[in-house]
Amino acid sequence: MMAQQVLKANENGDLKDKLKVEAPWFGIFCSAVFDKNLDFTLTTPSVHLIGKKDFTIDEGYILSSMFYNPIVIKHAETHKFPKLNQYDIDAINKYLSNVPEIKREIQKMMALRKKQMRPKL
């Protein structure tokens, strides 16, 4: 839950103003504890590792749906960071190599949203 709130605060610029830090380039999640009452889409690129035997499997999918353009890696294990096969490692590496492009796409989308939200005079 803390990561979710920190990412949202960072995207809003709240942390940058207070802590003088930039938004993270990406997040990797293998846990799905989060605040279900928060209703927003996180724009930080993210990798979600979801175990088929994880007691938080449903929450893992819900959490991943709260992110813009996430990658979801399913594994056969429980609630832990799994040993990944080469296919999954390659998929994560490919995704992360595109993070700067994804961030540019997100920034364009956010600028357009902000422009559309401005009141017309």
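The following exercises, with worked solutions, concern the sheet and the packed helices of a predicted model.

**Exercise 1. Determine the strand order of the open sheet and identify its edge strands.**

Solution. Step one is the pairing. E1 and E2 are joined in the parallel sense by three bridges. Strand E2, residues 46–51, also pairs with E3 in the parallel sense, over five bridges.

Step two is the order. The three strands form an open sheet arranged E1-E2-E3, with parallel pairing. Strand E1 (27–29) and strand E3 (71–75) are the edges, since each pairs on one side only. From one strand to the next, the twist averages 15°.

Step three locates the register at His48. Phe29 stands opposite His48 of E2, and Val72 is the bridge partner of His48 in E3.

**Exercise 2. Establish which helices pack on the sheet, and at what angles to its strands.**

Solution. Consider H3 before H4. Helix H3, residues 57–65, packs on the sheet and touches E1, E2 and E3. The direction of H3 makes about 165° with that of E2.

Helix H4, residues 86–97, also packs on the sheet, where it touches E2 and E3. For H4, the angle of about 165° is taken with the direction of E3.

The connection can then be assigned a hand: E2, H3 and E3 make a right-handed β-α-β unit.

**Exercise 3. Decide whether strand E2 is enclosed or open, examining both of its faces.**

Solution. The criterion for a buried residue is a relative accessible area under 20%. Apply this criterion to each face in turn. On one side of E2, Ser46, His48 and Ile50 are buried. On the other side, Val47, Leu49 and Gly51 are buried as well. Both faces are therefore covered, and because six of the six residues of E2 are buried, the strand is largely enclosed by the rest of the structure.

**Exercise 4. Assign the buried and exposed residues of H3 to faces of the helix.**

Solution. Begin with the buried set: Gly60, Leu63 and Ser64 of H3 are buried. Viewed down the axis of H3, the buried residues fall within an arc of 100°, so they line one face of the helix. The geometric background is that an α-helix has 3.6 residues a turn, so residues three or four places apart point the same way.

Next, identify what the buried residues meet. The buried residues of H3 pack against E1, E2 and E3.

Finally, turn to the opposite face. Asp58 and Ser65 are exposed and lie on the face of H3 turned away from its buried side.

Key: Residues are numbered from 1 along each chain as its sequence is written. This is a predicted model: local features need pLDDT of at least 70, side-chain atom pairs count only at pLDDT 80 or more; totals for chains, interfaces and linings use all residues. Side-chain values use heavy atoms; hydrogens and water are left out. Two strands pair if DSSP finds at least two bridges between them. Helices (H or I, at least four residues) and strands (E, at least two) are DSSP runs, numbered from the N terminus. Axes are lines fitted to C-alpha atoms, for helices over the stretch in contact, and angles run from 0 to 180 degrees between N-to-C directions. Contact means heavy atoms within 4.5 Å. Buried means under 20% relative accessible area, exposed over 50%, partly exposed in between (1.4 Å probe, protein chains only). A crossover is right-handed if, with the strands pointing away from the viewer, the path from the first strand over the helix to the second runs clockwise. The arc is that of the directions from the helix axis to the C-beta atoms.
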